[in-house]
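Could you walk me through this structure in my viewer, one selection at a time? Please tell me what to pick next and what is there.

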Amino acid sequence: MTAVRCIDLCKTYRQGDQDIKALDHVNLDIESGGFVCLSAPSGGGKTTLLNAIGGLDSPDSGEVWIAGRRIDNLSKGELAQLRLTQIGFVFQAYNLIPVLSARENVEFVMQVQGVPAAERQDKSRAILKEVGLQGLEDRRPADMSGGQQQRVAVARAIVSRPELVLADEPTANLDSKTSDELMALFVELNEHHNTTFVIATHDQRVMSYARRLIRMLDGRIIDDIDQQAA
Amino acid sequence: MRFFAIISMLAWRNLWRNHRRTIVMLSAITIGVWAMIFMTALMRGMVNDMVRDGIRALPGHVQVHHPQYRDDPSVLNLIPTADSELTKVFSQAGLDGWASRVKVPGIISSERESRGVTLIGVDPALEKSLDALGSNIAAGRNLEGVDDGGVVIGRRLADKLDTELGKRIVLMSQDPDNEIADRGYRIVGLYEANLERYEESFVFAGKSTLQKMLGIEDQVSEVAVMAGDYRDLEGLTERVALLAGGDVEVLPWQQLNRYLGSMLKVMDGFVLVWMIVIFLALSFGLVNTLVMAVFERVREIGLMLALGMRPASILGQILVESSLLLIIGLVLGNALAWASVVPLQDGIDISAVAKGMEMFGASSILYPELELKDIVTANIVVLVLGFLASLSPAWRASRYEPIEAITKV
């Protein structure tokens, strides 16, 4: 089954007097359970593509389909509902709400979804244990390291078992050891829960974990490598 | 409901995220609310005092007169019904208090000075129920009956006449035949009033004594009736009109003293304007606080929107945050106002400016009065206008595009 389908996506930004093609006729299919890295130099279009797939940014033309449903023509409210129920996000920074504890951050999405309190608590404790943060449930983000914060963000992204997790430079602010631990966690979650991961990065170490590597340049896909086969 | 729980929690925690700013804003709201309520209590106390003094000087909440009495308050315009008949009707009506009086213009003369005054013939027993002017005896005694042969004058009038307790004076007025009616009386009492001009204006004698001097037998100039609340007199006025019968004019005090009557209405308007002016000063701080709070949290707001929170929930969160700030400020402001007014129930001595105060009818002791409607108005003004002032920053926060907000530097 196809988890993500992009058909002829185009997106142009205006920067000063120049038009920047962030997406230039991008076509892409990602199968369910895939573990894909989008790689590009800065300004190559990987974040724009990730945002378009996540319903955070609308393309100028083309179509985006998630789990068989076209999303580029949905309203803001419908997109919010889609993000809430079907997609988990891990951003590069500012991933957590500072006034909430680790557990409350993990529960946030479930709370908005309307999951009962007891179920939320059970799930959040279990997922925090799974990402190695047992005992840190009541800490606020300011009292946690960058790696721990990213783990909380990952826990929040996957706690309600979304079909798709989109991560934008998730290791950009982490040291190599913490980056490896985080990627190992992604791989484990991908394998155990069959969650589709799409990770935008320009970190070679992160790319090495992906089964499929898509290289982009100037808004176009220039390479699509099956790293398992390779 | 599930959104309310989470936005309330976020609003509460965000409120205390910047303690100093929140405490400064809370202090501003508290002092603003205190100023609204406390200053209104002072003004309300002053106006109510003026009204009560005015009613005591008239006195009566509702009065019955001959239709021409207000144009010419002489013996020619007395109530047609006999006083004995009026007494029979009004004493059986179950009123809080009432009294019939002779009230005519006259002249009082001592051996040295003469002054124009209002002569009031009273029944001291009936006047007690009205707490009327003249009952606060500073020296000597009060009148003891309708046939009492003495007079009670204001202490200030005694000074002006250069006379004193126990001395004789002459009262002079006009009888129904337009002849001079005069007689000598002894001063048996000196009374005190809040306002000096009242002490100088009114001279009290027994009702029968004055009737005899004027040759008007069993007739009176007015019937005064008191009720519980001096603001709501519509029912009482109609009832007194029925009791008094035809060919009389029955008017509430607001129409008898239009200055005082309009004072209450002006006061209500002034209180509202005063509260809104204070709030406008407050609102700049409130809006600034919320704008700053939103500006500092742009990326967080973007994150919440990206995770699937609806814009309406962001709007709600900022409004709840503002409402919490307002409610805490209101509770503290109300408590502070109450704590300020209660110890001042014995009055504030403003005798240093008594002359100026008396010019517009206020006494030299100010009694702050907390009225429920003023407290409710202050709270509603702050809540409603505060809520409206918060709408703009809250609306802006809810309109952010998630990805632009997250990447905002």
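Start with chain A and its contacts, where contact means heavy atoms within 4.5 Å. Among the contacts in chain A with a separation of 6 or more, 68% are between residues 24 or more positions apart.

A word on what you have loaded: this is a predicted model, in which local features need pLDDT of at least 70 and side-chain atom pairs count only at pLDDT 80 or more, while totals for chains, interfaces and linings use all residues. Residues are numbered from 1 along each chain as its sequence is written, chains are lettered from A and ligands numbered from 1 in the order in which they are written, and side-chain values use heavy atoms, with hydrogens and water left out.

**Chain A as a whole**

Keep chain A selected and switch to a cartoon view. You will find 7 helices and 10 strands; these are DSSP runs, numbered from the N terminus, with helices being H or I of at least four residues and strands E of at least two. The radius of gyration of chain A is 17 Å, close to the 17 Å of the globule rule for 230 residues, so chain A is as compact as a globular protein of that length. Here the radius is taken over C-alpha atoms, and the rule is 2.2 Å times the number of residues to the power 0.38. Along the principal axes, the C-alpha atoms of chain A fill a box of roughly 50 × 40 × 40 Å.

Next, colour chain A by burial. Of its 230 residues, 53% are buried, meaning under 20% relative accessible area (1.4 Å probe, protein chains only).

**The cysteines**

How many disulfides does the structure hold over all chains? There are 0, a disulfide being a pair of cysteine sulfur atoms within 2.5 Å. Select Cys6(A) and Cys10(A): the sulfur of Cys10(A) is the closest cysteine sulfur to that of Cys6(A), but at 12 Å it is too far for a bond. Cys6(A) is buried, at 2% relative accessible area. Now add Cys37(A), which is in no disulfide and has its nearest cysteine sulfur, that of Cys6(A), 16 Å away. Cys37(A) is buried too, at 0% relative accessibility.

**A stop in chain B**

Finally, move to Pro393(B), in helix α14 (residues 372-398) of chain B. Is Pro393(B) buried or exposed? Pro393(B) is buried, with a relative accessible area of 3%. Show Leu290(B), Val291(B) and Val294(B) as sticks: Pro393(B) is in contact with these residues, leaving aside its neighbours within four places in sequence.

Methods: Buried means under 20% relative accessible area, exposed over 50%, partly exposed in between (1.4 Å probe, protein chains only).
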